[in-house]
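Here is a brief report on one protein chain. Please look over the sequence and the model before reading on.

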Amino acid sequence: MVTQTLAASSADDPLAYRPVALVDLLDRVLATGVVISGEITIAIADIDLVYVSLRALISSVGSLTPPELRPALPPGAPA
């Protein structure tokens with residue numbers, strides 16, 4: 001009897017290392033969008049002096065427009 005060991009897939013381990021090209025990552029971010037948020041507090045002697053909150057949405061205009069406002073594509077054009 002022969003047994004085979006299967007390599008772990010990303011479905012089995014979501015933290016599995018998979019190399020991703022920068023252009024593929026940028027394409028996915030622009031197609032779906034991403035929200036970046038962060039907070040910075042500058043304090044001296046436990047007294048908060050400056051508090052900055054940042055929230056940014058990065059996406060392409062085409063992915064944010066509703067389908068009814070998108071222009072019609074000619075037949076045979078890629079979507």
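## Contacts across the chain

Take the contacts between residues at least 6 apart in sequence: 24% of them join residues at least 24 apart. The model is a predicted one.

## Overall make-up

The protein has 2 helices and 2 strands. Read from the N terminus, the order of elements is α-β-β-α. The two strands thus named in the middle of that order are treated below.

How much of the protein is buried? Buried residues account for 1% of its 79 residues. The accessible surface is about 7,600 Å². Carbon and sulfur atoms hold 63% of that surface.

## The strand pair

Strand β1 covers residues 34–44. Strand β2 covers residues 47–58. The two pair in the antiparallel sense, over 11 bridges. Within this pairing, I36 stands opposite A56 of β2.

Is β2 buried or in the open? Of its 12 residues, the number buried is 0, so the strand lies largely in the open. The cut-off behind that count is a relative accessible area under 20%. As background, side chains in a regular strand alternate between the two faces of the sheet.

## The turn of the hairpin

The hairpin of β1 and β2 has 2 residues between the strands. A45 is found in this loop, and D46 lies there too.

Which backbone feature marks A45? Its phi is positive, at about 55 degrees, although A45 is not a glycine. D46 is likewise a residue other than glycine with a positive phi, near 60 degrees. Most residues other than glycine have a negative phi.

Both loop residues can also be placed by accessibility. A45 has a relative accessible area of 69%, so it is exposed. D46 is at 79% relative accessibility and therefore counts as exposed. The threshold for exposed is over 50%.

## V34 and its partners

V34 is found in strand β1. How accessible is V34? Its relative accessibility is 31%, so V34 counts as partly exposed. That class lies between the buried limit of 20% and the exposed limit of 50%.

V34 and I58 are 24 residues apart along the chain. Their C-alpha atoms are separated by 5.4 Å. I58 is also one of the contacts of V34, once neighbours within four places in sequence are left aside. The others on that list are V29, A56 and L57. A56 thus appears twice in this account: as a contact of V34, and as the residue opposite I36.

## A nonpolar surface patch

Which residues form the nonpolar patch on the surface? They are I40, I42, I44, I47, L49, V50 and V52. Together they have about 650 Å² of accessible area. The elements giving two or more residues to the patch are β1 and β2. The largest share, 4 residues, comes from β2.

I47 is one member of the patch. Its place is in strand β2. At 51% relative accessibility, I47 counts as exposed, because the cut-off for that class is over 50%.

## In brief

The paired strands run antiparallel, with 11 bridges between them. The 2 residues between the strands include A45, with its positive phi. Strand β2 has no buried residue among its 12, and β2 gives the largest share of the nonpolar patch.

Methods
Residues are numbered from 1 along each chain as its sequence is written. This is a predicted model: local features need pLDDT of at least 70, side-chain atom pairs count only at pLDDT 80 or more; totals for chains, interfaces and linings use all residues. Side-chain values use heavy atoms; hydrogens and water are left out. Buried means under 20% relative accessible area, exposed over 50%, partly exposed in between (1.4 Å probe, protein chains only). Two strands pair if DSSP finds at least two bridges between them. Contact means heavy atoms within 4.5 Å. Accessible areas come from the Shrake-Rupley method with a 1.4 Å probe; for residues, only the protein chains shown count as cover. Patches are made of residues with over 30% relative accessible area and no salt bridge: like charges are joined within 9 Å, nonpolar side chains (Val, Leu, Ile, Met, Phe, Trp, Tyr) within 5 Å. A salt bridge is a side-chain nitrogen of Lys or Arg within 4 Å of a carboxyl oxygen of Asp or Glu.
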